[in-house]
Amino acid sequence: MLNFTPFARPYFSAMLARRRQWADPAGTEQVQRRVLRNLLKTAAHTWVGKHYNFGQISHYEDYCTAVPAVEYEDIRPMVERMLLGEKDVLWPGACRRFAQSSGTSGGKSKYIPVTPEGLRDNHYRGGAEAVASYLGMNPQSRIFAGKGFILGGSFANELGSSISPGIRVGDLSANLIEAIPPMANFFRVPNKKTALLEDWKEKLPALAHAAIRENISNISGVPSWFLQVLRNVLELSGKSTIHQVWPGLEVFFHGGISFGPYREQYASITDPSRMHYVENYNASEGFFAVQETADNAQGMRLLLDAGVFYEFAPFSGGIATGAPLPAWKVEKGRTYALLISSCNGLWRYSPGDTVRVESTEPLRISVAGRTNSYINAFGEELMVWNADAALAAACRRTGARVANYTAAPVYADCRTKGRHQWFIEWTHRPDCGDEAFADVLDAELQAVNSDYQAKRVGNIFLGRLELTSVPRGTFDRWLASTGRLGGQRKVPRLCNDRRIAQAIEKFLKS
């Protein structure tokens, strides 16, 4: 295949140059105010625009006074109207695509509008920005000398005839693949029919067969799911490393969950000297940030001119602790709950993520966890990034490899102290045994979280964590039993109560 990288590089270099316009707080304010003005003007004649008088709002200060911050349950009735085909509700026109995502207390699933503007100005634009960052970091790249292997979901959903004819509801990745511009299909595998298969037992081997004889230069997907696909490719090919199958493979664009617990597993099946890893912050609600430094220690660059206006609510102890701030007023080192207003019709909407500001010039963030994915049952304020970092360190120390995990609190009774319970599914169990691994993991948690360490001092307030090893495939089978098995469905890492833990325990007994 001809190497198109030199021809494509000027287009992506222009993207990097444009970022310099918002490299400081003044530039951030200028571009974000412009984004908000354009969003409000576009949606002024929608139901939500008339309800909140978007046409009379010209400044951010007026916007945050007039429009309340919302979560999905607040907008579910409006989304349901859109699913029935009603026009001009949250965004102009009729929305024909929706991304199905894990639900809330009000329903098993959320359905996030995927508008044409959302696809063009945000999701596809974000993918291009990720490539631009990668090319900027790697001048010798030949990424367009091969094809991209993209792991997609499907349009499986449980809405049936309750939605208007012609409306597509499924994983975000399924929407992205189905709507992708035709030219892009020359640079990606598998074909749409294979990519959108619903049955993962059929789909996993089909993906491996579709890609094994192609010249793959880049892969994109959720780390836990792609690991299974790559192992299928190795099994089918009889090779020991993936670079023996695809010599030109150079980069994995990943997101959705932390890569830390999987890094060593990828290193064991690739040639590390030829492999790069680029993290993206992309969700059903939007494509928000891209990695632009080699080690990602400085966080991901927030995409400030891609159809999304951002707000940041100070977050501590599992709750928001102050009024939301615009992007130009955030402080380095602080953790915030994210709010977005975007070209998919979400207004001051919380996607449920918390982010940590790593720098303000330029504005870079890292994903700290979920607003509802943490454990603070004993004042320990354990966030997902703490758990991921501690688990990765414990695996390095013990030679263990983890396929999946979740953790929850266990409350004290008359005989035992309060503690955390970790359910872990192993790819390779620790050589030292489960109990020794639990000691190491507990120590690593104390090393990354001072609140957890303080509660563990003297074993007085919080007991050492409890480790429950589960059989291979447990989490996939459990997700399947809930109807949430798929390329973008993820096991909740931390839960501040025992709902998930009890569901896993019940599933194991059954």
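Helix 2, residues 25-42, gives the most to the lining of the second largest cavity, contributing four residues. I begin there, and I should say at once that everything I present comes from a predicted model. The complete lining of that second largest cavity consists of Arg33, Leu36, Arg37, Leu40, Ser58, His59, Tyr60 and Phe309. Its volume is about 50 Å³. How many cavities of 30 Å³ or more does a search of the whole structure find? The search finds three. As background for colleagues who have not met such searches, rolling a probe the size of a water molecule over the atoms shows where empty space is left.

Let me turn to strand 14, residues 335-342. Is this strand enclosed or exposed? Eight of its eight residues are buried, so strand 14 is largely enclosed by the rest of the structure. Its side chains leave in two directions: Thr335, Ala337, Leu339 and Ser341 point one way, while Tyr336, Leu338, Ile340 and Ser342 point the other way. Residues on both faces are buried.

Which strands pair with strand 14? One partner is strand 11, residues 308-316, which runs antiparallel to strand 14 and is joined to it by seven bridges. Within that pairing, Glu311 stands opposite Leu339 of strand 14. Strand 15 also pairs with strand 14 in the antiparallel sense, over three bridges. Here Tyr336 has Val355 in strand 15 as its bridge partner.

My next topic is helix 17, residues 499-509, where Ile500, Ala501 and Ile504 are buried. These three cover an arc of only 100° around the axis, which puts them on the same side of helix 17. On the other side of the helix, Arg499, Lys506 and Lys509 are exposed. What covers the buried residues of helix 17? The covering elements include strand 19 (401-410), strand 20 (419-428) and helix 16 (474-481).

Helix 16 deserves a further word through one of its residues, Thr474. With a relative accessibility of 1%, Thr474 counts as buried, because the limit for that class is under 20%. Leaving aside residues up to four places away in sequence, Thr474 touches Glu425, Phe507 and Leu508. Thr474 and Phe507 are 33 residues apart along the chain, and their C-alpha atoms are separated by 8.6 Å. The side chain of Thr474 also reaches the backbone oxygen of Pro471, at 2.7 Å.

A second buried residue in a helix is Ser133. It is found in helix 6, residues 116-137. The relative accessible area of Ser133 is 2%, and the residue is therefore classed as buried. What does Ser133 touch, if residues up to four places away in sequence are not counted? Its contacts are Leu16, Arg19, Val290, Gln291 and Glu292.

I close with some details of the backbone, taking the cis peptide bonds before the positive phi angles. One cis peptide bond joins Val189 and Pro190, with omega about 0°. Pro190 lies in the loop between strand 5 (188-189) and helix 8 (192-195). The peptide bond from Glu361 to Pro362 is also cis, and its omega is near 0°. Pro362 sits in the loop between strand 15 (353-360) and strand 16 (363-370). Strand 15 will be familiar from earlier, as it pairs with strand 14.

Two asparagines have a positive phi although neither is a glycine: Asn53, at about 55°, and Asn296, at about 60°. Where do they lie? Asn53 is in the loop between helix 3 (47-51) and helix 4 (60-66). Asn296 is placed in the loop between strand 9 (286-291) and strand 10 (300-302). Are these asparagines buried or partly exposed? Asn53 has 47% relative accessibility and so counts as partly exposed. Asn296, at 18%, counts as buried, given that buried means under 20%.

Terms used. Residues are numbered from 1 along each chain as its sequence is written. This is a predicted model: local features need pLDDT of at least 70, side-chain atom pairs count only at pLDDT 80 or more; totals for chains, interfaces and linings use all residues. Side-chain values use heavy atoms; hydrogens and water are left out. Buried means under 20% relative accessible area, exposed over 50%, partly exposed in between (1.4 Å probe, protein chains only). Contact means heavy atoms within 4.5 Å. Two strands pair if DSSP finds at least two bridges between them. The arc is that of the directions from the helix axis to the C-beta atoms. A polar contact is a pair of N or O atoms within 3.5 Å; within protein, one must be able to donate a hydrogen and the other to accept it, and residues adjacent in sequence count only if both atoms are side-chain atoms. On a 1 Å grid over the protein atoms alone, a cavity is a set of points where a 1.4 Å probe fits but cannot get out, and a pocket is an open set with protein on both sides within 12 Å along at least five of seven lines; lining residues have an atom within 4 Å of a point. Grid points are joined across faces, edges and corners, and a volume is the space filled by probe spheres set on the points.
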